[in-house]
Structure formats: C-alpha cells, structure tokens
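Here is a short tour of one protein model. Keep the sequence and the 3D view open as you read.

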Amino acid sequence: MMRRVYILFCLLILSMTVWAQAEQPAYHKMSGWVRDIVRQEITARKSGDDATLVHRAARYSSRKLVAFVRVNGQGDDILRQYGGRVLTQMDDICIVEIPLDELAALAADKRVGRIEARKTEKALMDTTALVINALPVYAGDNLPMAYTGKGVVVGLQDIGFDLTHPTFYDTTGNNYRIRRFWDMLSTDTIGSSMPVGAEYTTESAILAYGSSRDAQLSSHGTHTAGTAAGSGYDTLYRGMAFDSDLCLVSNAVSTDLPLISEDDIYRYTYATDALGFKYIFDYADAMGKPCVVSFSEGSPQDFRGDDVLYYEMLEKLVGPGHILVAAAGNEGLENNYLHKPESKASEGAFIRTLGGNRFGFTVRGDGQYALRLTARHPDATVEQAVITPEQILAMPDSLLTDTLRFSNVPYFLQMAAYPSCYNEQDLVIEGLITTVNKMPVSEGSTDSVNVRLGYVEFLTLELEGNNNDVELFATSGYMFGDASLSGGERSHNIHSPGAAPCVICVGANTRRNGYVNQFGNYLTQGPDYLGPGHGSRSLYSSTGPTFDGRMKPEVTAPGTNIISSFSSFTPESALSPNSITRFSDFQRRTYPWGANSGTSMSTPVVAGAIALWLQANPSLTPDDVKGVLERTCSHPSDLDYPNCQEGYGEIDVYRGLLDVLSFTGIDELSTTQPRHVRFSMQGEGLLCLNFDQPLTQEASFRVYSVGGFQVLSGVIPAGQDHFVIDLSTLPRAVYAVQINSPEKGITGSTLVRR
C-alpha cells in the first residue's frame, strides 16, 4: 500500500499582515496547522526589517488556503468579507479558499466556530513492490456472472494515472470506461471552474490528455484503479468490478511537491481531497448510479482535532449508494504505542528514527506524570532531562522549545500542550525531538560525520508517575525495548481518513508469498513481512484501535503480491523492473503489468467488491456494508472476531452477495462456488455448465428464487462434461443455482441473471 502522508512543506511561510483584531488570535478555533501558519506570521512580523516584511506581506496576502470552516449563517456572505470564496457548503460546514493574511480575522469573527486544515496526505504504499503469479489473488476472476459492476460508478482518488491503459477499456479494447477525470495538478487552468487543476469530461479529451501530470513520478493510481475495476484486457489481471464506470481524481501528495508552485502549496490540503470525493459522488448522482470511492492514502491520527470537520464532512457525503473505502496504513511493523497503566510507576522504550532525524510523539495522560529523556553513551555516560506537563503549560501558548546537549550533540525539543479533542479532561502533550544531520568530527575540523537520532547514543523516553494512566503514540520514528524497557507494542496506528467512523477501513492480508517476474525470477519475502499467510494479516498492515478506542480496520483483503496495471508514462526505473511481470501492446503503445504490496492494494479489492454489492442493492449505506462484513467475512486467523487486527475478517465477495440478496436464509445453499464448474448464459435463458473433467458420478442441481423458493431441480448424468439448464420459463430475475456431487470441487452455488 502506498503510504500517503500529507505534503511535506519544505518552506514555512513568513510574512507581515495587519490583523483585523489587535488582541491575541482566537487559536482555540484553529486546527494545529492553521495555528502554526498564524504564529509564524506573527513571529516574522515581530522580528523582520521593514523592507523584508513588506515583501513578505505582499506574497503572503496573495496565497490562499483551502480549509474547512464551520459557520453560523451563509458561508458566502461571511467569507466574502475576508476575501474568501466558498467552494462548497453542506449544512454549517464550508470548504473555503481564504487568503492567509485573513485567517486571524476570520477566526475572531463570532459567526465562525472553527477553521481546520492540514497538509495533504501521502500515498500508502511504502512497502516493497511484489507480484503474484499468473492468477490474480483478488476474487474477481470467478465472480458470479450476474454481478460485474455494470451500472455502478467506481471512483478513485489517487496519484499516477495512465488514462490510456487498455485495462480501462472493456476486454475487447473497444469501449472506454473512464467517464470523468479531474487532475488537481493540471496546468490547463485557463477557463477551468475547478478550485485547482482542470477536469476532462469526454472520452476524447481524457485520452488526449493521456495521463495525470504526476504519472512520470508514480504509477500508483493506475495500479489501484486496475485492481478495483480494470478489465485485464489480454491478461488474467482482471479487476473486481470490471464492467463498472470509472470516475478518477488525481490529487496531490508529498511526492508531488516538485510539481506545485510555492504560491499554490496551501491550496492542496485534505479539504481539497474532500472536494475530490464530492466530485465523484456528484458525478454518480448526475448519472443516477450508486458509487463506491477507493482511497489508498492517509496520514496519522491526532488528538488535536485536526479531523473534526473533515470527518463531519465525510459523514455528510456518504449514505445510501455513497460508500467511501480507505486504507488502514502500513505502520504495522513498528512499535508505536506505549502504555503506562496506573499500576506501574514507569514505562519506557528506546527511540530511533527510520530516516532523517525526527522522532515525533503524542502523550495522553491524567494526573501528575513526567517524561524522562535519557541518553546512554558508549562510554557509559548517562545524561537526562525531565519534562512535566506543568512546565509546558507555563510557557506562552503552552508551547515549549528547548535545546539539550547530550555529549555535545544538540537535541532540539518542541512540545505543546492542549486538551484532547475526544475528552477535554485529558491533557495531551505533542512533542518533536530532532537533531542535526552532520557534525564536525572535532572542534574546528572541516570533516563531518552523519548523525542519526538514537544511533550514536542510545536514547530512551520514559513515562513516569504514580496512580495515573498514560499513553504515548509515536507518529514518526519507532520504539524498541530490552530487558529493562518494554519498548511498546504494534498498535494504534490506523491512518486517517480510514479511522473515520463512516469510512470502511481496509487492512491487508497475504494469499501469495512470491511471484515470477518478467525475467523468470521468483521473488519473495520472509514471514516477518508477510505474516503466516493463508489469508492472515500481513504484518505491515496497520492495526487499531483508533485513538478514541473504536475498532479498526473493518475488513482485510489480499494486499500482498497483487498484479495489476502499471503506467506506460512512468519510467521503468521508477517502477522497478523486477516488479514487472509482462507487457501488452495496444494502439501502437506498450503497457506494463506488475505488482505492488500494501493496504493501498487491498483497498481497491474491497471497493470493487462493494461495487458488486451496490449493483445488487444500489441503496446500501456504510452501516449496511459493515453489517454484511460482520455476517459474511471469513476468519482466517486463530483470533476472536471482530478484532483490531483484521476487523470482521477477510472479505468474502460471494457470501456477501448472497447476504445482500437475502439468499442466506436458504439452508441448502452453499456459501462457496464450485471450483471445477464454469457457468455461462446463452440464448434466451439457457444456463450452460461446463465441467473441467467429465463427471464420474451423477450430480444434482436446484434453482432458487430471491425469495428462497426452489423453482427448478434435476439430475446431471455421469459422464457429462457439459450440461444445460433451461431457465427460459422463469421470469427475468436473479437466481441461485446449487449443484451437489460427491466429487471434489463440484458442489457449490452461483448466482445467475435470467
């Protein structure tokens, strides 16, 4: 799964503004990132010279932020006073474009309840690209013929789309299935009505555009869209809902930063992503079709409340025929949760960085406690610093910044205190520990050595206190233990928006351990990455619960070694030649197919499956889908279900369809399909059964209506390798066909449409 983390901004904006209010800005109405923007401006205004400030003010006032704003009244009337523009409004929540230099004044307006924004997310596929063999791991190869996604819109918001790939046609290569495309990074903005980028609304316009602007950097969206709804063209790599219509949005993530103008960077936030979801649902509504959206991106949860309005907006967007599916994340391999219960005086872990020199963490606790940072050097020297919540609260804006020197290595601390968005009685400490990247080998030397946090010396972070319950969540970097320190555990790392109550959150499991690539090499990874296999959770897949204690994910699906379409616009070196399995030629262009692993890959599997269920019942709600999952998921692991590793279990597409169509009340009906029988409809109601081998023994069949009534039955003689059941006398409808046989792989049921 591609990990999707919000765009990393390399340059913090400093500028001068004449604020509408002389008093302290209304920080309590702002999410964390918005507060940072305002604070940075105030700091710059106090410290800069006049000429520099005038220049900064001019640039700052021209920049606009796309954000959520809760308003009491008409958003257009309120925002216009501050030079803002309402992009959409649902009840009291607006998505707006607002000049940065008006943020403080807007927050001070009594009609404004909250301003919320944060950087865009990251694609959730930071695991190794792998491939399955010639048979796709997802269930799409043997779906009931009655349900292929026809009449359903499958939407994807992602990055790296090859719009010309033959998998986005039908299997004949003649009928194109992408109906709408919005590229948020498009430079075709003259006359565009979109808040960023441009949309393409006809087949000719989409094909002429060819690919999303970032397709040379990534092939992620091509792969996920192919998994959800690709036809497979001339391969076996068929997606789940291969007859559905596609509506695609290419948004912006951290890897797209080089493509974004510095003046436009604040336009790409998760509020812009919400506009992308609305764009897809609006298109489906205009076509009168149900819709499921797949989103394989995300960012860590928080206690600041940065997602409060985001989740409320998503709740308004989903509903009957509107389903949003999002990836759980790929953080399952690292310890990132530490718990000190009331019964223990202390609990701690060693801390290190994965890359760079940043260890970020959040602490939620009650009562009197302290954080102890200790450096243990190779020469046995021990240096320590102790920080208490009281020290942080005593600082202006409850924001502490300090520099510690351990063995002359500088460590920069930033710590902020605020009440939890889930429970105002809980105090939350948010911290960041960083250090320099290089240091001179000795005083005055021009030679330097690399410094990595936690590698030159051992750093520990401990929670201390009596009779209090304290939790620590690592948001960047990781923890580990030894005989004296527990090191934490692997949990509480579900990404947002998958953590939202109204979103179906998807984890990844393993059904294939390796693959044969284009060079004939078999590649695999060990059990520390794959897990035990056989449908159990892949160990990289993030686990719950959420920060407020809810179960996530809801479901798992195959996400390891998934073969799907790759972009022909992405250089082969960026795809990794070892991950490519084959090529297809189409309209004088060569298209690759290959594999990736991650919850990015399992998410479109579930989205495509839900598209089939929506075809059966277009009014399904997110709660309906959760109910289907609870009743029909398989349980591949030796766990109690539901749980915070695999949710309700592994999705079972066919059992889910039976449940949606109310066939589950038929006791005689199998909940699995026959492995060695192929079904096809011919003429006016002739159901043809083709057996892999001639039957050695007599078999029987029964046909049931949706109401559970048996409408036909009969015998299939021994020796037959094909058989025809005449349904022509039955009304046009969906039927369940049950076959029973003593032979292996023949017994089972399937759904057909007369």
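Which residue in E10 is the bridge partner of Arg-180? That partner is Cys-247. Keep in mind that the whole model is predicted.

## Strands around E8

Begin with strand E8, which covers residues 178–183. Its pairing with strand E10, residues 245–250, is parallel and has five bridges. Strand E8 is also joined to strand E9, residues 198–200. Here the two strands run antiparallel, and three bridges hold the pairing. Look for Trp-182 and its bridge partner in E9, Glu-199.

## Two open sheets

Now move along the chain to a sheet of three strands. Its order is E32-E34-E33. The sheet is open, and its pairing is antiparallel. Which strands form the edges? They are strand E32 (562–565) and strand E33 (580–586). Each of these edge strands pairs on one side only. From one strand to the next, the twist averages 25°.

Helix H6, residues 220–229, lies across E32 and E34. Helix H6 runs at about 105° to E32.

A further open sheet has three strands in the order E35-E36-E39. Its pairing is antiparallel. Strand E35 (677–682) and strand E39 (722–726) are at the edges. Each has a single partner strand, so one side of each has no neighbour in the sheet. Ignoring direction, neighbouring strands of this sheet are turned by 20° against each other on average.

The table sets out one pairing from each open sheet, with a pair of residues that stand opposite each other.

| Strands | Sense | Bridges | Opposite residues |
|---|---|---|---|
| E33 and E34 (residues 589–596) | antiparallel | six bridges | Phe-583 and Pro-592 |
| E36 (residues 686–691) and E39 | antiparallel | five bridges | Asn-690 and His-722 |

## Two packed helices

Next come two helices. Two packed helices are described by the angle between their axes and by the distance between those axes. Helix H7 covers residues 270–287, and helix H8 covers residues 308–317. They pack at an angle of about 0°. Their axes are 11 Å apart. H7 and H8 are therefore roughly parallel to each other.

Which residues of H7 meet H8? They are Tyr-270, Asp-273, Ala-274, Phe-277, Lys-278 and Phe-281. On the H8 side, the residues are Tyr-310, Met-313, Leu-314 and Leu-317. By class, this contact has eight nonpolar and two charged residues, with no polar ones.

## Space inside the model

Rolling a probe the size of a water molecule over the atoms shows where empty space is left. How many cavities of 30 Å³ or more are there? The count comes to two. The largest cavity has a volume of about 50 Å³.

Its lining is made of Phe-361, Leu-371, Leu-373, Ile-387, Leu-413, Met-415, Ile-433 and Leu-461. Two elements give two or more residues to this lining: strand E17 (370–376) and strand E20 (409–419). What classes do the lining residues of the largest cavity fall into? Eight are nonpolar, with no polar and no charged residues.

## Backbone details

Finally, check the backbone itself. Most residues other than glycine have a negative phi, and most peptide bonds are trans. The next few places depart from that.

Gly-544 and Pro-545 are joined by a cis peptide bond, with omega of about 5°. Pro-545 lies in the loop between helix H10 (527–530) and strand E31 (555–558). A cis peptide bond also joins Lys-552 and Pro-553, where omega is about 0°. Pro-553 is likewise found in the loop between H10 and E31.

Where is Asp-91? Asp-91 sits in the loop between strand E3 (85–90) and strand E4 (93–99). Asp-91 is not a glycine, although its phi is positive, at about 60°.

Conventions. Residues are numbered from 1 along each chain as its sequence is written. This is a predicted model: local features need pLDDT of at least 70, side-chain atom pairs count only at pLDDT 80 or more; totals for chains, interfaces and linings use all residues. Side-chain values use heavy atoms; hydrogens and water are left out. Axes are lines fitted to C-alpha atoms, for helices over the stretch in contact, and angles run from 0 to 180 degrees between N-to-C directions. Helices (H or I, at least four residues) and strands (E, at least two) are DSSP runs, numbered from the N terminus. Angles under 35 degrees count as roughly parallel, over 145 as roughly antiparallel, 65 to 115 as roughly perpendicular and the rest as oblique. Contact means heavy atoms within 4.5 Å. Ala, Val, Leu, Ile, Met, Phe, Trp, Tyr, Cys and Pro count as nonpolar, Asp, Glu, Lys and Arg as charged, and the others, Gly among them, as polar. Two strands pair if DSSP finds at least two bridges between them. On a 1 Å grid over the protein atoms alone, a cavity is a set of points where a 1.4 Å probe fits but cannot get out, and a pocket is an open set with protein on both sides within 12 Å along at least five of seven lines; lining residues have an atom within 4 Å of a point. Grid points are joined across faces, edges and corners, and a volume is the space filled by probe spheres set on the points.
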